[in-house]
Amino acid sequence: MANNYRILWADDEIDLLKPHIMFLRSRGYELATACSGADALEMAAAEPFDLIILDENMPGLTGLETLTAIKQRMPHVPVIMITKSEEENIMDQALGSKIADYLIKPVNPNQILLAIKKQLDSVRLVSEQTQVDYRREFAALSDSISRADSIEDWYELYRRLVFWEMQLASAATTGMDEMLELQRREANAEFGKWMRKRYENWAADPEAAGRPTMSPEVMPRHVLPLLADGQKVFVVLIDNFRLDQWATVKPLLAEMFTFDEQLYTSILPTATQYARNAIFSGLMPLQISRMFPQLWVDEDSEEGKNLNESPLLATLFERYRRQVRFSYNKINDSAGAERLLRDFSTLDPYDLNVLVVNFIDMLSHARTESKMIRELAKSDAAYRSITESWFRHSPVLELFRRMARSGAKVVLTTDHGTIRVEQPVKVVGDRNTNTNLRYKLGRNLDYDARRVYEIRDPKRAGLPAPNISTAYIFALGRDFLAYPNNYNYYVQYYTGTFQHGGISMEEMLVPLITMTPK
């Protein structure tokens, strides 16, 4: 059962450890031994080792001194420290030096074996077990796809698919991720069929059977009750924030908050102009355009589509007859987050502070336009990784720390998600047709009705109609809408980019997290 792993064990009483060494060799490990820290450093410099075991209490260079030198010269090599001491400061120093494990004498061979396996074999063992577990789950997921008949079924199915996507990605499996991708495609195809049968009824009637929390209900159902209880609240809306991205950044917030994790359903189009304005106004887009025409911006206008969020939020409080002192801040870059950090105390007088963070939306657009960003975020796993790296190193994380210290509740959500598109669907429209790749509206659209979700009566879907004959169409799954003009270039340019506006679990089923400071 050779495994070709090479281990260096340094202990000034190494001769007394021969039974342990023989046991490990019998398990397939190659062991070299050293009697001092200096010898261990010399041997480690001369030849590569996969793992080093150090006795903490050696004459000359101590185990901790040897550990420091090893981490400076070969930080990638895991080190297991063994000591007689149970003093907390020794443990703290060792852990602070990023040891892989810490064992207290006397240790038996099986303890050593377990510690070694945890470091050297864990990736392989996790990968193998993950594949076994996913194969076992495959049939259950397929059955859930065919049986999903309520929005809660779809929420649960989507959570499971995201869980397995992240498990398989972290386990470095081969083959299983392709199987899961097929299941995700199947799920999105069924979700599209299911949603098309229900969406217009939901949009037309807030009391329709089975209607979930949708964009207009986010504030009334999840923020106003907190304010009514006298709590200070932060609402943080991260544009284009998917469930898998939430799962990626959640560990960074876990030391500060406990979480009530839910999903809600974004309205169509899953685009900022519609979904975000619906959140802050508590109204469907058609209602906004009728009740507050000065705050609604039509598709063909050159004016920014998301400039009236603060005034729309004020109208929501007026309709609910709530006296709420609120602030509204939009963060477009690190400089904006740093300015808000410096001025954080100015938020204290307000009952509600709304922060809109645009980084992920900017990332998705940059990925479309920049070859370098395309390479950096060429898959969903890479996209998540960039999100995590941004969040970890951004001043936005420090903003969350400040929120936690303030004792306020934090509602973290988004207006819609995004999906990586792959299949073009030809659409012919006049020059006034909007440019979004996942939905179109216009008077004379020509398309294959079998490949899209079409809404011939926009009013029934809560959508404004600039003209009497205006229709909306939405792309499904990983499709995107492409013009026949310069078709091949258009398809090549946009295939593999992240887009939003259409119907998919990734775009419509989005996180709604209520966070309580620890």
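**Note on Asn-434, the largest cavity and the salt bridges**

1. Asn-434 sits in the loop between β12 (423–428) and β13 (439–442). The model is a predicted one. Asn-434 has a relative accessible area of 7%. That is under 20%, so Asn-434 counts as buried.

2. What does the side chain of Asn-434 reach? The backbone oxygen of Tyr-439, at 3.2 Å. Setting aside neighbours within four places in sequence, Asn-434 is in contact with Glu-299, Tyr-439, Lys-440, Leu-441 and Tyr-483. Two of these contacts, Glu-299 and Leu-441, also appear in the lining of the largest cavity.

3. Now the empty space. Rolling a probe the size of a water molecule over the atoms shows where such space is left. Across the whole structure, two cavities of 30 Å³ or more are found. The largest cavity holds about 40 Å³. Its lining consists of Tyr-274, Trp-296, Asp-298, Glu-299, Leu-441, Pro-464, Pro-466 and Tyr-472. By class, the lining residues of this cavity are six nonpolar, no polar and two charged. The charged ones are Asp-298 and Glu-299.

4. On to charge pairs. Side chains of opposite charge can pair when their charged atoms come close. The whole structure contains 37 salt bridges. In one of them, Glu-165 meets Arg-184 at 2.6 Å, N to O. This pair links distant parts of the chain: Glu-165 belongs to helix α7 (residues 151–170) and Arg-184 to helix α8 (residues 176–204), 19 residues apart. Glu-165 is buried, at 11% relative accessible area. Arg-184 is buried too, at 7%.

5. Asp-415 and Arg-276 form another salt bridge, with their closest N and O atoms 3.1 Å apart. Here the distant parts are the loop between β10 (409–413) and β11 (419–420), which holds Asp-415, and helix α12 (residues 272–281), which holds Arg-276; the two residues are 139 residues apart. Are these partners buried or exposed? Both Asp-415 and Arg-276 are buried.

6. Asp-380 and Arg-420 also meet through their side chains in a salt bridge, at 3.2 Å, N to O. The pair joins helix α18 (residues 380–393), home of Asp-380, to strand β11, home of Arg-420, across 40 residues. Asp-380 has a relative accessible area of 5% and is buried. Arg-420 comes in at 15%; this is under 20%, so Arg-420 is buried as well.

7. Which residues are linked in a network of salt bridges? Glu-165, Glu-181, Arg-184, Arg-185, Arg-242, Asp-244, Asp-380, Arg-384, Arg-420, Glu-422, Arg-478 and Glu-506. The pair in point 4, Glu-165 and Arg-184, is included. So are Asp-380 and Arg-420 from point 6.

Definitions and conventions:
Residues numbered from 1 in each chain as written. Predicted model: local features only at pLDDT ≥ 70, side-chain atom pairs only at ≥ 80, totals over all residues. Heavy atoms only, no water. Helix = DSSP H or I, 4+ residues; strand = E, 2+ residues; numbered from the N terminus. Buried < 20%, exposed > 50% of the residue type's maximum accessible area, 1.4 Å probe, protein only. Polar contact = N/O pair within 3.5 Å; in protein donor to acceptor, adjacent residues only side chain to side chain. Contact = heavy atoms within 4.5 Å. 1 Å grid on protein atoms, 1.4 Å probe; cavity = no way out; pocket = protein on both sides within 12 Å on 5 of 7 lines; lining within 4 Å. Points joined across faces, edges and corners; volume = space filled by probe spheres on them. Salt bridge = Lys/Arg side-chain N within 4 Å of Asp/Glu carboxyl O.
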